[in-house]
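Subject: Handing over the structure

Hi,

Here is the structure I promised to pass on to you. Have a look at it first, and then read on for what turned up in it.

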Amino acid sequence: MAAKDARAAGPVVAVDTDDIAVPDRFGWWNDMVGHEVMPVSIRSPHADRFRGWVEAVGLSHSQVAAFDFSPMTARRSPAHIRRGNPEDYFLLLVRESAVRLEQARGVACLGPGDMALFSSWRPLTCDFLDNGGPVRLTLLRIPLALLPLAGGRADRLLAEPLPIKSGSGALLGPYLTSLPKAARTAGPVELARLGAIGVDLAASLLAARIGDQHSLPAETRRTALLAGISAFIDHHLTDPLLDPAAVAAHHHISVRTLHQLFQGEPESVAATIRRRRLERCHADLTEPRLRHRTIGETALRWGFRHPADFSRAFRRTYGVSPSEVRATVR
């Protein structure tokens, strides 16, 4: 992503129009979109005072980019396609404002939290509507060759609102919004894993929508299942009954299958639950606004039923006792 004052933090690059002379901003934005997304023509009632910002995460084969910009309309014509077709799918997540997306025979009217799919090889119209503020959205770029849905079956879903309340859709939205922050501190191996998760979640979402989940590769299904298990653990850390048996039961698999799923992970299911609980406890104990809460209450809040077990696990992990950590808080 090119700009005269691009700011990079590892694999994350951020640029904005504040670094561009006001008369040149709209033209620069059009060129940037054409280079980083795909060639389009854009119009905006705010062209003379246009503002835009983008933060992009470069992954091994895909890309996630968060955009904030003044309302506008983007159109991709057959001439644009002939000029440059990267052969990419894009999953669009609206974070704020409203978007009207038209492609093939589909029309999707999207609001905050909604998602839809579009491609680079068909004419396209995107109206980013003026609701009195900037448009905020995130794009996941997936090369056609990388999406494990053969025969262009995903084309059936172009410009169609996608389900976001359950399954992979419920996981993909938080993944997209949190990825830039996670990528800033991720090493190369972790970043590759994060990239694979995004593509596999997207493939699972699209396959479920067309009723074709069983055609997905086993590794794609495994990654999506692990992502769902991870989210379930995070959402239920406060439950003292959360353990491998509860996780397996919720996902309709045996405990043995659950342990087999985690054989290739850095830690077991039980260790994952314990570590995340300890991390929440440590964060609470170092938060001055929570000094009124006792150590025992903090432990119980995050699912530790026995204070002595909590203290031993905490000292093993952090090398100091909970009370010593609490004493450092001013």
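Let me begin with one pair of charged side chains: Arg222 and Glu219 form a salt bridge, with an N to O distance of 3.5 Å. Please keep in mind that this is a predicted model. Both residues belong to helix H5, which covers residues 218-235, and because they sit 3 residues apart there, about one helical turn separates them. Glu219 is partly exposed, at a relative accessible area of 48%. As general background, side chains of opposite charge can pair when their charged atoms come close.

A second pair is found in helix H8, which runs over residues 269-285: Arg275 and Glu279 lie there 4 residues apart, about one turn of the helix. Their side chains are joined by a salt bridge of 3.0 Å, again taken from N to O. How accessible are the two partners? Arg275 counts as partly exposed at 32% relative accessibility, and Glu279 is also partly exposed, with a relative accessible area of 34%.

The next pair has another setting. Arg293 makes a salt bridge with Asp284, and their closest N and O atoms are 3.3 Å apart. Is Arg293 buried or exposed? At 18% relative accessibility, Arg293 counts as buried, since the cut-off for buried is under 20%. Asp284 is buried too, its relative accessible area being 10%.

Some salt bridges also share partners: Asp68, Arg95, Glu96 and Arg136 are linked in this way into one network. If you would like the total, a search of the whole structure gives 23 salt bridges, including the pairs Arg222 with Glu219, Arg275 with Glu279 and Arg293 with Asp284.

Now to the cysteines. How many disulfides does a search of the whole structure find? The number is 0. Cys109 shows why a bond is missing there: the closest cysteine sulfur belongs to Cys126 and is 12 Å from the sulfur of Cys109, which is too far for a bond. For a disulfide, the two sulfur atoms would have to be within 2.5 Å. Cys109 itself counts as exposed, at 60% relative accessibility, whereas Cys281 is buried, with a relative accessible area of 0%.

If you want a place to start looking, try helix H8 with its pair Arg275 and Glu279, and then turn to Cys109 and its closest cysteine sulfur, in Cys126.

Enjoy exploring, and best wishes!

Conventions
Residues numbered from 1 in each chain as written. Predicted model: local features only at pLDDT ≥ 70, side-chain atom pairs only at ≥ 80, totals over all residues. Heavy atoms only, no water. Buried < 20%, exposed > 50% of the residue type's maximum accessible area, 1.4 Å probe, protein only. Salt bridge = Lys/Arg side-chain N within 4 Å of Asp/Glu carboxyl O. Helix = DSSP H or I, 4+ residues; strand = E, 2+ residues; numbered from the N terminus.
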